[in-house]
Amino acid sequence: RLMALCRNRVILTGMGKPGLIARKLAATLASTGTPSLYLHPAEAVHGDLGMVTARDLIIAISQSGETEEIVRLLPILKKKGTPLIAMTSMPKSTLAKYADVVLDLGVTREACPLNLAPSASTTASLAMGDALALTLLKIKKFRPEDFAKLHPGGSLGKKLLRVEDIMRKGKANPVVRTGTSVRRALLRITAARAGSCTIVDRKGRLAGIFTDGDLRRHLREKGEGILNLAIEKVATLKPRVIGKNRLAEEAFHVMESLRIDEIPVVDDRSRVVGLLDVQDLMRAGVV
């Protein structure tokens with residue numbers, strides 16, 4: 001709850017191996033919708049404390065709770081009024097005494113046979129931190145599309161892109177009414193630099209799609225006389241459509257199975273809201 005109510009950033013700190021865990025947890029929080037950063041405790045006392053405000057929240061990781069570099073920070077953080085969460089296995093330590101919340105890691109001995117190298121304690125703090133991050137994700141109702149927006153360069157983000165994120169809309173989405181001549185429809189397609197246009201009725205509901213393939217086929221069969229025909233006379237009526245909230249990857253599989261290059265995008269009332277071209281999927285890195 002303290003993390004969810006944080007008005008600014010969740011700042012993690014730790015020295016040595018716990019510091020590496022703190023870095024990882026800061027990255028996990030940031031990627032799941034909680035602004036976060038790592039603060040090196042030794043650098044903090046040489047100016048980096050300027051990063052910390054009372055609006056932030058500090059999570060300090062120390063197995064013993066007596067890590068010198070962290071203990072030096074505690075009175076300053078207290079004076080700033082920055083809330084502090086401690087991850088430690090020593091609930092009576094100096095760190096724990098300064099903390100607003102103590103998360104007891106419960107590690108009494110390291111996995112190291114010498115009981116020296118941080119091992120069990122770092123594993124426990126990593127698990128505890130991930131549990132916090134994922135619980136916070138639920139509290140904030142973080143959605144797959146939110147994850148995609150924070151991971152635009154990764155394969156995970158691309159898999160979570162929605163059709164509406166990459167579809168053509170506005171001037172890039174040529175739409176004509178039934179009754180429009182083929183000639184005028186071609187001008188709209190050319191202006192939009194598209195390979196097709198969607199056809200709608202008076203209420204904006206989808207009536208059909210007219211593609212380059214339709215044009216070539218009818219020109220071959222009927223000649224240039226088709227240019228004066230109403231667009232619906234030479235279009236593909238009742239085409240396959242995709243909803244704007246569907247995954248882009250799912251749209252690609254639909255298009256691939258039907259061997260089509262364009263698919264109209266509609267809302268729940270069958271009104272045209274966009275057009276998806278296979279080139280859009282390629283540019284977005286979905287395929």
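This report describes a helix pair, a four-stranded sheet and two residues with positive phi in a predicted model.

## Basis of the description

The structure is a predicted model, in which local features need pLDDT of at least 70 and side-chain atom pairs count only at pLDDT 80 or more, while totals for chains, interfaces and linings use all residues. Residues are numbered from 1 along each chain as its sequence is written, and side-chain values use heavy atoms, with hydrogens and water left out.

## Helices α1 and α6

Two packed helices are described by the angle between their axes and the distance between the axes. The axes of helix α1 (residues 17-31) and helix α6 (residues 120-139) come within 10 Å and cross at roughly 15°. Helices are DSSP runs of H or I with at least four residues, strands are runs of E with at least two, and both are numbered from the N terminus. Axes are lines fitted to C-alpha atoms, for helices over the stretch in contact, with angles from 0 to 180 degrees between N-to-C directions. Helices α1 and α6 are therefore roughly parallel to each other (angles under 35 degrees). Their crossing is right-handed, that is, the near helix is turned clockwise from the far one by less than a right angle.

In α1, the residues Lys17, Pro18, Ile21, Lys24, Leu25, Thr28 and Leu29 meet Thr122, Ser125, Leu126, Gly129, Asp130, Ala133 and Leu136 of α6 (contact: heavy atoms within 4.5 Å). By class, this contact of α1 with α6 has seven nonpolar, four polar and three charged residues; Gly counts as polar in this scheme.

## The four-stranded sheet

Four strands form an open sheet in the order β6-β7-β8-β9, with mixed pairing (two strands pair if DSSP finds at least two bridges between them). At the edges stand β6 (175-177) and β9 (236-237), each with a single partner strand, so one side of each is left without a neighbour in the sheet.

Strands β7 (residues 196-200) and β8 (residues 206-211) pair in the antiparallel sense over five bridges. Cys197 stands opposite Phe210 in β8. Helix α11 (residues 212-222) lies across β8 and β9, running at about 70° to β8.

## Residues with positive phi

Most residues other than glycine have a negative phi. Arg193, in the loop between α10 (182-192) and β7, has a positive phi near 55°. Arg193 is exposed, with a relative accessible area of 75% (exposed: over 50%; buried: under 20%; partly exposed: in between; 1.4 Å probe, protein chains only).

Ser270 has a positive phi of about 65° and is found in the loop between β11 (262-266) and β12 (272-277). Ser270 is partly exposed, with a relative accessible area of 41%.

Note on methods:
Angles under 35 degrees count as roughly parallel, over 145 as roughly antiparallel, 65 to 115 as roughly perpendicular and the rest as oblique.
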